[in-house]
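Q: I am a first-year student, and I should be grateful for a close look at one part of the structure shown here. Please then connect that part to its wider setting.

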Amino acid sequence: MSQFIAPQPFEYHPDTLSRSDLRKRLRQHRRALSFEQQQQAAEYLALNLLKNPDLHRARHIAIYLPNDGEIDPHVYLDIALRKGIRFYLPVLHPIHEGRLVFSPYYDGVELTANRFGIPEPAFSKGLRRPAWALDAVLFPLVGFDENGGRLGMGGGFYDRTFAFSRIRPRLAPKLIGLAHDFQKVEKLPVEPWDVPLHSVVTDKRRYRFTG
């Protein structure tokens, strides 16, 4: 595997930018990666996920299809599928606004673009898996810091969907954010509604949080 030279950590201190400006700059940064850089990042991400103890016993994992320069989990997915792990994609709930359900993801499943242009399986009560019945959730981040602060796209879908984990943490799956390592910033505020992450995994390392 050739050496992957990633961009340096984001140079702007978040205190000097609004969250929307920071989100815009970080998204531009990751979209600027070449195909080769994205592929190498995906390979290194897969290695770090395979070594992640939070996933060693996981058999039902929610994942995402990369969009907008997000780090690609497909290399890990292809390896994990051969080990019998089942994967699920988030689907916008058609009734409960701002929440997600999770439908099986497998080779040949039919996908349709949702209102954000992101492909997802059709909503099905019979096939969906409840959020509490997942073992782990891998979801993309726009930015993060070493203390568990995170920046997403601003929709709050994961926070609403996994809000139950604050009341019944034993039912909560492992919530693992994925990002390019250069998306780490010095400090991000933790909002009252933010559901805590167990860890962030990047192409370079794993950041684990205990708070």
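Where is A163 found?

A: The model is a predicted one. In it, A163 is found in the loop between helix α4, which covers residues 157-161, and helix α5, which covers residues 164-167. With a relative accessible area of 35%, A163 is partly exposed, because that value falls between the 20% limit for buried residues and the 50% limit for exposed ones. The fold brings another part of the chain towards this residue: A163 and D194 are 31 residues apart in sequence, and their C-alpha atoms are 8.4 Å apart in space.

The wider setting of this loop may now be described. The chain has 211 residues, of which 48% are buried. It contains five helices and eleven strands. Among contacts between residues at least 6 apart in sequence, 70% join residues at least 24 apart.

The next topic is empty space inside the protein. Rolling a probe the size of a water molecule over the atoms shows where empty space is left. A search of the whole structure finds one cavity of 30 Å³ or more. The largest cavity holds about 40 Å³ of space. Its lining consists of F139, R150, Y158, D159, F162, L175, V195 and L197. Two of these lining residues, R150 and D159, also form a salt bridge with each other, in which the N to O distance is 2.4 Å. Both R150 and D159 are buried.

That pair belongs to a wider set, for the structure holds seven salt bridges. Another of them joins R27 and D68, with the closest N and O atoms 2.6 Å apart. This pair links distant parts of the chain: R27 is in helix α1 (residues 19-31), D68 is in the loop between β1 (60-62) and α3 (74-81), and the two are 41 residues apart. The partners differ in their accessibility. R27 counts as partly exposed because its relative accessibility is 24%, whereas D68 is buried because its relative accessible area is 17%, under the 20% limit.

D68 has a further partner, since its side chain also meets that of R31 in a salt bridge, at 2.7 Å from N to O. This second pair likewise links distant parts of the chain, with R31 in helix α1 and D68 in the loop between β1 and α3, 37 residues apart. R31 is partly exposed, with a relative accessible area of 43%. Salt bridges that share partners join R27, R30, R31, D68 and E70 into one network.

The backbone of D68 also deserves attention. Most residues other than glycine have a negative phi. D68 is not a glycine, yet its phi is positive, at about 65°.

E70, another member of the network, lies in the loop between β1 and α3. Its relative accessibility is 12%, and therefore E70 counts as buried. Not counting residues up to four places away in sequence, E70 touches R30, Q38, Y64, L65, P140 and H180.

A different loop, between β9 (174-178) and β10 (199-201), holds D181. D181 is buried yet has no salt bridge. Why does D181 have none, when R205 is the nearest side chain of opposite charge? The distance to R205 is 5.6 Å, and a salt bridge requires the nitrogen and oxygen atoms to be within 4 Å, so this pair does not qualify. The side chain of D181 does, however, make a polar contact with the side chain of Y207, at 2.8 Å. Leaving aside its neighbours within four places in sequence, D181 is in contact with F144, T202, D203, K204, R205 and Y207.

K184 lies in the loop between β9 and β10 as well. At 19% relative accessibility, K184 counts as buried, because the value is under 20%. K184 and V200 are 16 residues apart in sequence, and the distance between their C-alpha atoms is 9.9 Å.

To return to the residue of the request, A163 is found between α4 and α5, and A163 is partly exposed. D194, 31 residues away from A163 in sequence, has its C-alpha 8.4 Å from that of A163.

Note on methods. Residues numbered from 1 in each chain as written. Predicted model: local features only at pLDDT ≥ 70, side-chain atom pairs only at ≥ 80, totals over all residues. Heavy atoms only, no water. Helix = DSSP H or I, 4+ residues; strand = E, 2+ residues; numbered from the N terminus. Buried < 20%, exposed > 50% of the residue type's maximum accessible area, 1.4 Å probe, protein only. Lys, Arg positive; Asp, Glu negative; His and termini not counted. Polar contact = N/O pair within 3.5 Å; in protein donor to acceptor, adjacent residues only side chain to side chain. Contact = heavy atoms within 4.5 Å. 1 Å grid on protein atoms, 1.4 Å probe; cavity = no way out; pocket = protein on both sides within 12 Å on 5 of 7 lines; lining within 4 Å. Points joined across faces, edges and corners; volume = space filled by probe spheres on them.
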